[in-house]
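Reader: Hello! I'd like a close look at a single part of this structure, please, explained step by step.

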Amino acid sequence: MAQQKIFDVVVVGSGASGGTLAGRLARQGVDVALIEGGPKLNTRTDFNTHAMPFEFANRHIPTMKPGKAGMDSQRTRGAGGKSQTWNAVAWRFSQRDFKGKDWDDGAGENWPLDYADMAPHYDSIEREVGVCGNLDGLTDLPDGIFLPPAPLKCSDVLLQRGAAKLGVKIIHVRKSTLTKAKSGRPACHYCGNCMAGCDVAAKYNSYDVHIIPAIRQTGKLTLFTDTLAREVLLSAENRVTGVATIDRLTKKPGEIRGRAVVVSCACVQSVGLLQMSKSRRYPTGLANSSGQLGQHFIPHFTGGIEFLLTKLKGKQLANDEGFLDHAYQPSFMHTRNRGYARSFGAQFGYQNRRGVGWARKFPGFGADFKNAVKEAYPAYVVWSPYGEKIPDGRSRIYLDENNRDEWGLPEVKRELHWSDNDWKIFNDMTTWGREIVRASGGEILDVSNEPKPNHELGGCRMGTDPKTSVVDRNCRTHDVSNLYVVDGSVFPSASEKNPTHTMMALAARTAEHLAERFKKGEM
Amino acid sequence: MAERRETLKIIGAISATCTFPYTGNELYGQHAKPHAGHTPGAQASTGPRKFFTEAEFALLSTLTDVIIPDTDTPGASKAGVPGYIDLVVNANPEHRKLMRDGVAWLASQNFAALDPAGRIALLTPLSEVLDKGRVKTMPERFFRLTKSLTCDGYFTSQIGLSQTLGFQGGNMLASYPSCEIPEH
């Protein structure tokens, strides 16, 4: 093989974690190769941001424009990864979230980090990318450096008043979405389809905010798109030397070499890549001397209540779906006597108004039926609580070697169980949701009766003990000194708060640590 | 479409005040360069009938208009619901037998010849069973599926979403509309 360039760092995955990390490293003078399995995208032209369902015969709005690849499967997402289609909710974790085991008498696990370790990195991410929100002064939901919050919707105000009667607070949501123009990005234009891909990058995505500027301004970042990672390569000296790849389009094998490797392909795929990287030294997957790789899978779980706010029935419909959800009900049960470990929070109304799947549940037919749906439409809200799952000893991520995709890569599978504690949280958050809806003058249409997984976390957890964790507090694997994992997989406990902002802060922290090691000549 | 162009103009004034590296048409590239087979703002055609025969399609259309009739806004068939149902049933083989049997049942009841009150009288028992969650027989299952597909097709159509429900979203706004709580 011809002599190949050796990068300082090879980062696998261009989403919120990998994109932030690669951009930050490049700005600190580190020479970075960023590998993305999916294609290059043009955020401005490739998504159907402003489409209506009736523009498509089957009423399904595809994520990508006709003929554009990306976002269609786990291995072909595209530059920016899931940050292109996220809802941008951005919370700081609190000290309780980092030390949940101490808070809850030994349940679950602690992070080997304190809030104080993370605070400067939350600061720097907020200054850089722009996070909007209100300063609420809540101990469990630390304030940050915010742009002005988006105003509340009418439905939020009604729910806020209802919840207040029960002593429950509802606040402005915080999002990595600009309410004011910043650093060359325009403010949100409230079109209401954030999760279809924001065509002006008012909503943060790693490609437009971190990756492209770093490529243009530093000359230190090289992006390899349509490049699937198939194995992280290990030397006889127990150091990683790069990543074996497959061209997504031609299926040709390749290799990208580096002095360090960072795996950031989103929780499940990151664990899968390490499990695919088997060697004599690590027969069950790279950096798995502990046997913990793939264990402690702790995704958030959601429930849901669909309801109508009576006061809004039959009222003039407000054009208020822009920015999606505007309010949030932070955790409050963690300070109360509750009979379970951890807690829950809730978002509401983040589904936009373009789908009316609930109409078929209305009784009857004919003109009365049609009018009933019309009257309900401005009043319809979905309550979406998120609960924290603590490790249950059984839920895991593993490879199915017998089930391979068109590139010959094994399917990465999830095994998920709901524990007693999960069910207790689920039932309690559903009860509270019903109470808040009732106190706000709502009529319940439907209630979810079982938890559903959401934000994927765990599987490669961080800890101080190499026997019970895979990476250390700097996201470096205990086993291999130049291999890092940075994304939701390293979370030892999940919090009930949306995780991406913490992943980005962790990526910023790891970038600083890695750049320091390069400066010291340790690599 | 005129309305959309209008909002673009408003936004254009805002973007001039910031230094976004992609300006003008490029910024709103989705609108400047619509892609083949997709016309922003217009309802897509479901194309020629694929599954139902002409006679079946006519009966189905009548049924959808009983479920969602013309009122102050047009009903199901004017909104293109029968074409949508044809497309969905054709794409989902598991629905085909039930839909064909159901339409044949409608024909056996002389559905087309019934007056409006007669049609309502025929469907009311089926709807009551559905609302009680006790669907069992073929006509009951047929009514459940047709009602679901009619709702899905109608309320995502241009007529259903924009005219009947009054959806105004998808536009670009210069600022977020403030909430006027009804009783204040």
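How many residues does the contact take from chain A, and how many from chain B?

Author: Happy to help! This is a predicted model, in which local features need pLDDT of at least 70 and side-chain atom pairs count only at pLDDT 80 or more, while totals for chains, interfaces and linings use all residues. Residues are numbered from 1 along each chain as its sequence is written, chains are lettered from A and ligands numbered from 1 in the order in which they are written, and side-chain values use heavy atoms, with hydrogens and water left out.

Now to your question: chain A gives 64 residues to the contact and chain B gives 74, where contact means heavy atoms within 4.5 Å. The size of an interface is often given as the accessible area lost when the parts come together. Here chain A and chain B bury about 5700 Å² between them, with 62% of it on carbon and sulfur atoms; buried area is the accessible area (1.4 Å probe) that two parts lose on being put together, summed over both. Of the area that chain A buries against chain B, 15% is supplied by Phe54(A), Phe365(A) and Lys370(A), more than any other three residues.

Next, the polar side of the interface. Two salt bridges are found across it, a salt bridge being a side-chain nitrogen of Lys or Arg within 4 Å of a carboxyl oxygen of Asp or Glu. Lys374(A) forms a salt bridge with Asp72(B), with the closest N and O atoms 3.6 Å apart.

As for which elements of chain A touch chain B, helix 5 (154-165), helix 6 (206-218) and helix 8 (367-376) of chain A each give two or more residues. Helices here are DSSP runs (H or I, at least four residues), numbered from the N terminus. Helix 8 of chain A provides the largest share, five residues. By class, the side of chain A that touches chain B has 31 nonpolar, 14 polar and 19 charged residues. In this scheme Ala, Val, Leu, Ile, Met, Phe, Trp, Tyr, Cys and Pro count as nonpolar, Asp, Glu, Lys and Arg as charged, and the others, Gly among them, as polar.

To put the salt bridges in context, the count over all chains comes to 43.
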